[in-house]
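Here are a few exercises to work through with the model open in your viewer. Try each one before reading the solution.

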Amino acid sequence: MQTMIADYAAYNQWANGALLKVVKTLDASQQQKEIISSFPSVYSTLLHVLSAETIWWQRMHNEPQTAWTLKDAGLSCEAIIDGILRQDKLWTEWVTTLQTEQLQSMMGYKTSKQEYFEQPLWEILMHLFNHSTYHRGQLVTMLRQLGIIQLPGTDFILWCRNK
């Protein structure tokens with residue numbers, strides 16, 4: 001289990017890094033352009049990913065959950081991308097220190113609606129990395145709608161072939 005989670009964290013870091021290189025090439029109008037999706041723009045989607053990764057990090061490390069305020073911080077797209085890349089590096093480094101017993105241990109947390117849940121740590125980590133995969137797919141669709149056709153492959157199997 002430890003190897004699987006560590007691999008998935010490394011994959012998530014690699015896939016986000018590959019796609020975010022393309023996003024960095026967009027100008028501000030492209031980043032903010034309204035596109036029908038779960039979030040109304042590339043910028044908003046990236047901000048959501050950063051917020052989610054940061055909130056889960058804060059929950060797992062018993063830190064105050066301040067990531068809810070990121071949407072009001074006026075961050076540039078470049079700052080959001082840098083934040084995602086930093087957070088992904090933290091996840092990758094941290095999960096390699098976890099043992100199977102820790103991954104199977106129950107973790108309690110409160111949602112943004114203050115609902116309390118307990119789940120094994122490995123389930124939360126799988127959710128977190130899968131969440132980024134979901135939004136990468138949305139970003140690819142958004143980028144194509146912006147006319148970007150040269151996009152990197154970010155499938156897990158591609159990462160596996162080169163690890």
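The expected span of a helix is 1.5 Å times one less than its number of residues. Keep in mind that this is a predicted model.

**Exercise 1. Check the length of helix 6 against its expected span.**

Start with the limits: helix 6 covers residues 121-145. With 25 residues at 1.5 Å a residue, helix 6 should span 36 Å. Now take the end C-alpha atoms, which are 37 Å apart, so the two values agree. Then look just past the helix: Gly147 follows helix 6 and has a positive phi, near 90 degrees.

**Exercise 2. Work out how helix 1 and helix 4 are oriented to each other.**

First, locate the pair: helix 1 is residues 2-23 and helix 4 is residues 77-95. Next, take the geometry: the two pack at an angle of about 165 degrees, and their axes are 9 Å apart. Angles over 145 degrees count as roughly antiparallel, and helix 1 and helix 4 are therefore roughly antiparallel. As for handedness, helix 1 makes a left-handed crossing with helix 4.

Now for the residues in between. On the helix 1 side, the contact includes Ile5, Ala9, Asn12, Asn16 and Leu20. Helix 4 brings in, among others, Ile81, Ile84, Asp88, Trp91 and Val95. Sorted by class, this contact comes to twelve nonpolar, six polar and two charged residues. A reminder for reading such lists: an α-helix has 3.6 residues a turn, so residues three or four places apart point the same way.

**Exercise 3. Decide whether Asn16 is buried or exposed, and find what Asn16 touches.**

Asn16 sits in helix 1. Its relative accessible area is 5%; buried means under 20%, so Asn16 is buried. Setting aside neighbours within four places in sequence, Asn16 is in contact with Glu53, Ile84, Asp88, Ser132 and Arg136. Two of those, Ile84 and Asp88, also turn up on the helix 4 side of the contact in Exercise 2.

**Exercise 4. Give the surroundings of Leu103 and Met142, and the separation of each from Ile55.**

Take Leu103 to begin with. Leu103 belongs to helix 5, residues 100-104, and at a relative accessible area of 0% Leu103 is buried. Beyond its neighbours within four places in sequence, Leu103 contacts Met1, Gln2, Ile5, Leu98, Pro120, Leu121, Trp122 and Leu125. Its C-alpha lies 18 Å from that of Ile55, with their positions 48 residues apart in sequence.

Now Met142, which is in helix 6. With 1% relative accessibility, Met142 counts as buried. Not counting residues up to four places away in sequence, Met142 touches Ile35, Ser37, Phe39, Pro40, Ser41, Val42 and Thr45. Met142 and Ile55 are 87 residues apart along the chain, and their C-alpha atoms are separated by 25 Å.

**Exercise 5. Asn62 has a positive phi, and so does Gln114; place each one and say whether it is buried or exposed.**

Begin with Asn62, a non-glycine residue with phi near 50 degrees. Asn62 is in the loop between helix 3 (42-60) and helix 4. The cut-off for exposed is over 50%, so at 73% relative accessibility Asn62 counts as exposed.

Turn to Gln114, which is not a glycine either and has a phi of about 65 degrees. Gln114 is in the loop that joins strand 1 (106-110) and strand 2 (116-120). At 53% relative accessibility, Gln114 counts as exposed.

Terms used
Residues numbered from 1 in each chain as written. Predicted model: local features only at pLDDT ≥ 70, side-chain atom pairs only at ≥ 80, totals over all residues. Heavy atoms only, no water. Axes fitted to C-alpha atoms, helices over the stretch in contact; angles between N-to-C directions. Helix = DSSP H or I, 4+ residues; strand = E, 2+ residues; numbered from the N terminus. Parallel < 35°, antiparallel > 145°, perpendicular 65-115°, else oblique. Left-handed = near helix turned anticlockwise from the far one by under 90°. Contact = heavy atoms within 4.5 Å. Nonpolar A, V, L, I, M, F, W, Y, C, P; charged D, E, K, R; others polar. Buried < 20%, exposed > 50% of the residue type's maximum accessible area, 1.4 Å probe, protein only.
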